[in-house]
Amino acid sequence: MSTPLTWQKSSFSGGGSGEDCVELATADTAIRLRESEHPTAFLTTSPTSLRALLSTLKSGCLTSR
């Protein structure tokens with residue numbers, strides 16, 4: 001039997017009813033991300049990949065086409 005995930009709300013999520021937020025949970029060696037409005041749909045990534053994505057976003061290197 002698997003252990004239930006403990007989801008943590010992002011500190012950058014909107015206020016109010018708490019329904020507009022991104023949540024993270026760790027599962028073994030993976031990280032799971034979900035939108036609180038759709039709790040059964042989530043993405044699974046590694047800590048290294050998530051760190052690379054966040055670094056890229058923070059640096060502003062992505063441009064829209």
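**Notebook: a buried salt bridge and its strands**

Of the protein's 65 residues, 18% count as buried. I note at the outset that this is a predicted model.

**Entry 1. Overall layout**

I looked up the secondary structure. I found 1 helix and 4 strands. Along the sequence they follow the pattern β-β-β-β-α. I then looked up the surface. The protein exposes about 5,400 Å². Carbon and sulfur atoms supply 55% of that area. I also checked contacts between residues at least 6 apart in sequence. Of these, 8% join residues at least 24 apart.

**Entry 2. Salt bridge search**

How many salt bridges does a search of the whole structure find? It finds 1. The partners are Glu-23 and Arg-34, with their closest N and O atoms 2.6 Å apart. I located both in the sequence: Glu-23 sits in strand β2 (residues 22-27), Arg-34 in strand β3 (residues 30-35). They are 11 residues apart, and the pair links distant parts of the chain. I find the two side chains listed as a polar contact as well, again at 2.6 Å.

**Entry 3. Burial of the pair**

Are the two partners buried or exposed? I took Glu-23 to begin with. Its relative accessible area is 14%, so Glu-23 counts as buried. Arg-34 has a relative accessible area of 16%, so Arg-34 is buried too. The cut-off I applied is under 20%.

**Entry 4. Surroundings of Glu-23**

I listed the contacts of Glu-23, leaving out residues up to four places away in sequence. Glu-23 touches Trp-7, Gln-8, Lys-9, Arg-32, Leu-33, Arg-34 and Ser-36. I then checked the faces of β2. Glu-23, Ala-25 and Ala-27 make up the covered face. Val-22, Leu-24 and Thr-26 make up the uncovered one. In a regular strand, side chains alternate between the two faces of the sheet.

**Entry 5. Surroundings of Arg-34**

I ran the contact list for Arg-34, setting aside neighbours within four places in sequence. Arg-34 is in contact with Trp-7, Cys-21, Val-22, Glu-23, Pro-39, Ala-41 and Phe-42. I also looked for polar atoms around the Arg-34 side chain. The side chain of Glu-23 is one polar contact. The backbone oxygen of Pro-39 is 3.4 Å from a polar atom of the Arg-34 side chain.

**Entry 6. Strand pairing**

Which strands pair with β2? I found that strand β1 (residues 8-9) runs antiparallel to β2, with 2 bridges joining them. Gln-8 has Leu-24 of β2 as its bridge partner. I found 6 bridges between β2 and β3, which also run antiparallel. Here Leu-24 stands opposite Leu-33 in β3.

I looked at the link between β2 and β3. The two strands form a hairpin with 2 residues between them. Asp-28 lies in the turn and has a positive phi of about 55°.

**Entry 7. Nonpolar surface patch**

Which residues make the nonpolar surface patch? I noted Leu-53, Leu-54, Leu-57 and Leu-62, covering about 380 Å². I picked Leu-54 for a closer look. Leu-54 belongs to helix α1 (residues 47-59). With a relative accessible area of 40%, Leu-54 is partly exposed.

**Entry 8. Recap**

I logged the salt bridge between Glu-23 and Arg-34. Glu-23 is buried at 14% and Arg-34 is buried at 16%. Their strands, β2 and β3, form a hairpin. I logged the leucine patch separately, with Leu-54 in helix α1.

Key: Residues are numbered from 1 along each chain as its sequence is written. This is a predicted model: local features need pLDDT of at least 70, side-chain atom pairs count only at pLDDT 80 or more; totals for chains, interfaces and linings use all residues. Side-chain values use heavy atoms; hydrogens and water are left out. A salt bridge is a side-chain nitrogen of Lys or Arg within 4 Å of a carboxyl oxygen of Asp or Glu. Buried means under 20% relative accessible area, exposed over 50%, partly exposed in between (1.4 Å probe, protein chains only). Patches are made of residues with over 30% relative accessible area and no salt bridge: like charges are joined within 9 Å, nonpolar side chains (Val, Leu, Ile, Met, Phe, Trp, Tyr) within 5 Å. Accessible areas come from the Shrake-Rupley method with a 1.4 Å probe; for residues, only the protein chains shown count as cover. A polar contact is a pair of N or O atoms within 3.5 Å; within protein, one must be able to donate a hydrogen and the other to accept it, and residues adjacent in sequence count only if both atoms are side-chain atoms. Contact means heavy atoms within 4.5 Å. Two strands pair if DSSP finds at least two bridges between them.
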